[in-house]
Amino acid sequence: EKKLAKDGKDLIPEEFIQESLKDKVKIKKYLDESADYLKKIVKDETKWTSVKKGKNTEVFWFKDTDKTYCQFLTVSVVERTPRDVYSFLRADQHRLKWDRDVSRHERIAPIDVDEESDLGYDLTYTRTQPICGGIVTARSFLNLRVGKYDESTGSFYESAVSIDAEIVPETPERTDCSTKAKLFFGSGGLFEPANGGKHCKMSYVTFTDPCGWLPHALVNKIMPSEMVDYFTLIKNTMAAEKYAYQLIHVPGTKKEMQNAHLLEQEKDEEKGREQKRGAEIKKDNASQSPTAEKENVVDLDAFLD
């Protein structure tokens with residue numbers, strides 16, 4: 001746990017992480033309640049009104065609320081199994097390659113994580129990209145997260161709540177100059193079997209406050225189109241089969257890779273990137289060497305002549 005905390009030390013002070021995660025029983029209970037509420041609210045059609053439709057994707061607005069922050073449900077069917085879809089979304093090593101909206105995403109510390117499936121309770125950090133030419137700056141989320149498999153239904157579910165939303169009153173300022181944003185109780189995703197288990201019905205609830213100067217009315221206006229585009233990106237990326245990733249190990253399955261044939265290709269690409277970086281560093285070092293500086297000295301007398 002300390003090792004993982006140190007990996008995120010440039011983001012959040014390690015002392016805060018250790019102190020805030022002391023009461024694991026309280027945190028797990030809170031996340032379980034959030035996940036139960038998520039699963040319940042997704043099924044209650046009386047709570048939602050449709051505001052945007054795309055190809056196999058629909059976005060709903062939460063009707064029964066006195067909150068001012070943004071509250072949406074996005075539902076889409078992906079032509080992959082729930083295990084495949086959730087495994088892909090959990091594959092952090094590829095997230096920054098395909099997700100144009102995210103500049104950093106990682107687990108900061110485990111709370112109670114199963115070694116076989118890598119599911120359970122943890123603390124994560126996600127930072128978004130600036131948009132609108134930098135007018136809207138990067139947002140960051142420090143989230144408590146639970147991810148589990150429901151063997152009785154063949155579904156996966158995940159709920160994430162910002163640690164400073166209700167669990168911990170205040171968190172330290174971000175060291176990466178991002179604006180602290182929040183996810184609230186009930187946020188997360190449900191990944192259920194569809195069409196006989198061959199496909200996945202993905203339902204994602206977003207209860208969020210982007211904070212900063214952005215008016216919520218503006219965010220509420222652009223969010224539905226953003227969610228349709230994002231779900232389309234997920235489906236197109238999976239259909240392209242460009243990445244190899246570990247499928248989540250659940251009862252009755254064996255450990256296996258999706259798109260395993262791409263592993264050697266990824267290794268070759270990474271080797272090429274390392275060689276390119278090495279060449280660039282060597283070039284920079286050469287340009288800063290005393291010999292290079294001497295070669296760049298101007299002969300003033302010759303210049304004046």
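The following dialogue examines a helix and a group of paired strands in a predicted model.

Student: What makes helix α4 mostly covered?

Tutor: A residue is called buried when its relative accessible area is under 20%. In helix α4, residues 82-90, 9 of the 9 residues are buried. Helix α4 is therefore mostly covered by that definition.

Student: Which residues of α4 are buried?

Tutor: They are P82, R83, D84, V85, Y86, S87, F88, L89 and R90.

Student: Why is strand β11 described as largely enclosed by the rest of the structure?

Tutor: Strand β11 covers residues 199-209, and 9 of its 11 residues are buried, so the description follows from that count.

Student: How do you know that β3 and β11 pair?

Tutor: Two strands pair if at least two bridges are found between them. Strand β3, residues 70-78, and β11 have 9 bridges in the antiparallel sense, so the definition is satisfied. One of the bridges joins V77 to K201 in β11.

Student: What makes β9 and β11 a pair?

Tutor: Strand β9, residues 182-183, has 2 antiparallel bridges with β11, and at least two are required, so the two strands pair. Within β11, T208 is the bridge partner of L183.

Student: How do you know that β10 pairs with β11, and what do they form?

Tutor: Strand β10, residues 188-194, pairs with β11 over 7 bridges, again in the antiparallel sense. The requirement of at least two bridges is therefore met. Among the bridge partners are G188 and, in β11, V205. The two strands form a hairpin with 4 residues between them. In the turn, N195 has a positive phi of about 55°.

How values were computed
Residues are numbered from 1 along each chain as its sequence is written. This is a predicted model: local features need pLDDT of at least 70, side-chain atom pairs count only at pLDDT 80 or more; totals for chains, interfaces and linings use all residues. Side-chain values use heavy atoms; hydrogens and water are left out. Buried means under 20% relative accessible area, exposed over 50%, partly exposed in between (1.4 Å probe, protein chains only).
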